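Got your viewer open? Load the model shown below and follow along, one selection at a time.

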Amino acid sequence: MQMIIDAAILNMESEDGDYKKRTRLITRIMIPQSIGYALGPYCALQMIFFVTPSLEISQALCAFLAVITLLPVIWNYFPDNPNPNLSLVPDLSGYFEVLKSDNVKLYALLLMMVTGPYTAYDSLLRNSMASSAIRDPNNMHNLFLTLGLTTVFVNAVLLPKLQTIISTQTLLSGSFSVLAGSYLYLAVFHDLIHLFIGMPVQVAAATICIGELSSQLMGAIGKRKAGTAASVLRMSQLAATLLVPFVHGTLVPHHDVVSLCLMSAALSGGAVMLVKKFGSSMVFSSEYLPGFSGKYE
């Protein structure tokens, strides 16, 4: 579903379109995800207390609700296939072709460097809070509600403002620097009150990085290969996610927050250097195109 949404965004805002608008569309996907992250644990706990303690029954109910809510949306709102003669068999050679581009490889690598640490820390935190959530669900719920509201604020207010005054390369360098700082903060301070300070900063910086890099990667591949672009985008994030169990279980001991945060900060710092050294291609801005929001408007 995420790949389909990415391809739809790229078709709406092609490689010659407004990359800022494409970035905002990509990052707005995180709004319902953040709402789900906030409400999901709370609703799950309420189901345990008031409906059933059975995990199997809970999963069955979730599957049933997913079917009856998602299918009507897909059926009524997604457009028909514009090319009925398109082969359903994927052409793997297209992936090798787009990965020959240095820009695509750079954007995919940077996406992995932000997605991997972010996913690893999120999973560790949820595991550590799961035991206390049964006794006091409000702490976990309020934390993820705060993160959801942060994502909404970044997408609706902060990111559009920053894109009007800061270039993409500078914005990414600054966001990765802030992300590294948030990991260092979370490595030193572990109490709940500090999570309410460090994690919103972490989520805000990660949201900006993922949105900007996703837009740049999709623009570099182009609208004519929207499906390939969406696949490469998600594969780079999935690859980073698949590395999380290896890193978390082998290189970093379980529940070792300090080591994980220090490693994440080092990766974010390395991403800053990559952006500064190889990110000169991130110069496209819609303000230089007539007809788009900017100085020509």
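Start by selecting Met113, which sits in helix α6; helices here are DSSP runs of H or I with at least four residues, strands are E runs of at least two, and both are numbered from the N terminus. Met113 counts as buried because its relative accessible area is 13%, where buried means under 20%, exposed means over 50% and partly exposed is in between (1.4 Å probe, protein chains only). Now show what surrounds Met113: leaving out residues up to four places away in sequence, it touches Leu267, Gly270, Ala271 and Leu274. A contact here means heavy atoms within 4.5 Å. Draw a line from Met113 to Gly270, C-alpha to C-alpha, and you should get 8.7 Å, for two residues 157 apart in sequence.

Before going further, a word on what you are looking at. This is a predicted model, in which local features need pLDDT of at least 70, side-chain atom pairs count only at pLDDT 80 or more, and totals for chains, interfaces and linings use all residues. Residues are numbered from 1 along each chain as its sequence is written, and side-chain values use heavy atoms, with hydrogens and water left out.

Colour by pLDDT next, the predictor's confidence in each residue from 0 to 100. The protein has a mean of 78, and 81% of its residues reach 70 or more. Then select residues 284-297, where pLDDT stays under 50 and the model has 27 contacts beyond four places in sequence. Where pLDDT is low, the predicted coordinates should not be read in detail.

Switch to cartoon for the overall fold. You'll find eleven helices and zero strands. Of the 297 residues, 42% count as buried. Among contacts with a separation of 6 or more, 78% are between residues 24 or more positions apart.

One such long-range pair to try is Ile31 and Thr150: they are 119 residues apart along the chain, yet 9.3 Å separates their C-alpha atoms. Ile31 lies in helix α3, and beyond its neighbours within four places in sequence it is in contact with Thr151, Val152 and Asn155.

Hop across to Thr151, in helix α7. Is Thr151 buried or exposed? Thr151 is buried, because its relative accessibility is 2%. Its contacts, not counting residues up to four places away in sequence, are Met30, Ile31, Ser34, Val203 and Thr207.

For another pair, pick Ala8 in helix α1 and Ala230. Their C-alpha atoms are 9.0 Å apart in space, with their positions 222 residues apart in sequence. Ala8 is partly exposed, since its relative accessible area is 29%.

Now for the second largest pocket, with a volume of about 650 Å³. To find its centre, select Gln2, Met30, Gln33, Tyr37 and Tyr118, which lie nearest to it among the 30 lining residues. A pocket here is an open set of points on a 1 Å grid over the protein atoms alone, where a 1.4 Å probe fits, with protein on both sides within 12 Å along at least five of seven lines; lining residues have an atom within 4 Å of a point. Points are joined across faces, edges and corners, and the volume is the space filled by probe spheres set on them. Helix α9 gives the largest share of the lining, six residues. By class, the lining has 14 nonpolar, 13 polar and three charged residues; Ala, Val, Leu, Ile, Met, Phe, Trp, Tyr, Cys and Pro count as nonpolar, Asp, Glu, Lys and Arg as charged, and the others, Gly among them, as polar.

Last stop: an unreviewed UniProt entry lists "transmembrane region" for residues 29-51, 57-78, 104-121, 141-159 and 166-186. Those positions use the numbering here, feature names are shortened, and annotations may be inferred rather than shown by experiment. Select residues 104-121: the span is 100% helix, with end C-alpha atoms 26 Å apart.
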